[in-house]
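Okay, thanks for making time, everyone. I'd like to walk you through one model this morning, going from one spot to the next. Let me put it on the screen.

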Amino acid sequence: MIVKRVVLNSRPGKNGNPVAENFRVEEVNLPDNIDKGQVQVRTLYLSVDPYMRCKMNEDTGSDYLAPWQLSQVADGGGIGIIEVSNHSNLTKGDFVTSFYWPWQTVAILDGNSLEKVDPRLVDGHLSYFLGAIGMPGLTSLIGIQEKGHITAGSSQTMVVSGAAGACGSLAGQMNKNSHIILCGQISQYNKDVPYPPPLPPAVEAILKERNITRERFLVLNYKDKFEPGILQLSQWFKEGKLKIKETVTNGLENMGAAFQSMMTGGNTGKQIVCVSEDISL
């Protein structure tokens with residue numbers, strides 16, 4: 001079987017801005033047979049996320065992110081449907097997801113690397129498993145629960161900042177005894193600086209003076225909370241309490257363009273690439 005995939009064509013450099021041309025589409029042959037424990041999956045939706053910018057460098061600067069290799073298929077969050085299974089716990093027609101899904105129309109994957117998902121949790125909106133009812137939703141929920149220092153009935157104010165640079169940092173200046181949860185800084189990803197970037201001495205002095213904490217949060221450290229978190233997010237969605245927005249780009253060939261757009265603020269809500277909407281087998 002001939003399938004299409006997206007590979008890393010070039011690196012933008014640690015201080016460069018990624019462009020669509022950093023990726024290219026090519027065709028490859030998929031083996032006819034699959035080994036025991038493997039499954040053949042058809043990709044439905046793929047995710048592009050800010051953290052992927054780090055994977056475009058030779059060194060990601062992180063011990064939990066492996067760099068993409070030149071001329072090799074890129075990967076990230078994805079969801080698809082099983083077409084052929086040689087795995088005891090997965091069957092044809094199952095919907096599955098993974099954080100390491102190859103950017104490929106059809107792929108052969110290790111069944112143990114996949115998790116089954118129930119379309120009923122998202123009322124059939126499978127792409128939501130890559131956004132609000134997936135990793136981004138869990139990051140928001142668990143981050144607030146674990147690092148937000150929330151006290152019931154305290155009338156606390158929360159500021160969610162996607163503009164923490166020269167202007168945003170002024171507009172969102174914190175109160176005494178407040179808390180900063182640091183979970184990604186997309187504005188810094190095209191710069192050769194450590195993460196989290198060190199603060200200027202004047203800002204450090206303000207934190208100390210006003211007793212403001214600044215804690216880093218990594219959702220992967222809370223995997224035991226993923227399952228109940230997904231169920232909670234799904235319940236809020238079904239009750240209409242969780243409003244979900246996403247920007248959908250169609251076609252595997254547009255992965256690079258979708259990534260470039262996401263890195264420059266072109267999306268509202270989660271940026272998704274629809275590879276196939278056909279869930280029939």
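Let's start at S234, which touches L121 and I133 once you set aside residues up to four places away in sequence. Before I go further, keep in mind that this is a predicted model. So, where does S234 sit? It's in helix α5. And is S234 buried or exposed? It's buried, because its relative accessibility is 2% and the cut-off for buried is under 20%.

Staying on that helix for a moment, let's do the aromatics. The count for the model comes to six aromatic pairs. The one I'd show you first has W68 and W103 in it: the ring centres are 5.3 Å apart and the planes sit at 65°, so this is an edge-to-face pair. What does the pair link? It links distant parts of the chain, with W68 in the loop between α1, residues 52-55, and β4, residues 75-85, and W103 in the loop between β5 and β6, 35 residues apart. Both partners are inside: W68 is buried at a relative accessible area of 3%, and W103 is buried at 0%.

The other pair I picked brings us back to α5. Here the rings of Y128 and F237 have their centres 5.4 Å apart, with planes at 90°, so that's edge-to-face too. Y128 is in the loop between β7, residues 115-116, and α2, residues 135-147, while F237 is in α5, residues 226-238, so the pair ties together parts that are 109 residues apart in sequence. As for burial, Y128 counts as buried at 11% relative accessibility, and F237 is buried with a relative accessible area of 15%.

One more thing on rings: ring pairs link F23, W68, W103 and F259 into a cluster. Hold on to W103 and F259, since both names come up again.

Now the packing. How many residues does the largest nonpolar core have? It has 27, and the residues with the most contacts inside it are V41 and W103. The elements giving two or more residues to this core are β1 (2-8), β3 (38-47), β5 (95-102), β6 (106-110) and α6 (255-263). Which one gives the most? That's α6, with five residues. There's also a second, separate core of 24 residues, and I81, V122, L126 and L138 are among its members.

So let's look at α6 itself. Its buried residues are M255, G256, A258, F259, M262 and M263. Where do they sit around the axis? They cover an arc of only 165°, which puts them on the same side of the helix. What covers them includes β1, β2 (23-29), β3, α1, β10 (246-250) and β11 (270-274). And just after α6, have a look at G265: it takes a positive phi of about 80°.

Two of those α6 residues take us over to D49. Leaving aside neighbours within four places in sequence, D49 is in contact with F259, M262 and K270. D49 lies in the loop between β3 and α1. It's an aspartate that ends up buried, because its relative accessible area is 13% and anything under 20% goes in that bin. What does its side chain find there? A polar contact of 2.6 Å joins the side chains of D49 and S47.

Compare that with another acidic residue, E215, in strand β9, residues 213-216. E215 is partly exposed, with a relative accessible area of 24%. Which residues does E215 touch, not counting those up to four places away in sequence? The list is K147, H149, I180, I181 and L182. Two of those are polar partners: the side chain of E215 has a polar contact of 3.4 Å with that of K147, and another of 3.0 Å with that of H149. As for I180, it's 35 residues from E215 in sequence, yet the C-alpha to C-alpha separation is 6.2 Å.

Last stop, cysteines. How many disulfides does a search of the whole structure find? Zero. Two cysteines I'd point to anyway are C54, which is buried with a relative accessible area of 17%, and C274, which is buried at 5%.

That's my tour. Happy to spin the model around if anyone wants another look.

Technical notes:
Residues numbered from 1 in each chain as written. Predicted model: local features only at pLDDT ≥ 70, side-chain atom pairs only at ≥ 80, totals over all residues. Heavy atoms only, no water. Helix = DSSP H or I, 4+ residues; strand = E, 2+ residues; numbered from the N terminus. Buried < 20%, exposed > 50% of the residue type's maximum accessible area, 1.4 Å probe, protein only. Contact = heavy atoms within 4.5 Å. Polar contact = N/O pair within 3.5 Å; in protein donor to acceptor, adjacent residues only side chain to side chain. Disulfide = S-S within 2.5 Å. Core = buried A, V, L, I, M, F, W, Y, C linked by side-chain atoms within 4.5 Å. Phe/Tyr/Trp six-rings, centres within 6.5 Å; stacked < 30°, edge-to-face > 60°. Arc of directions from axis to C-beta.
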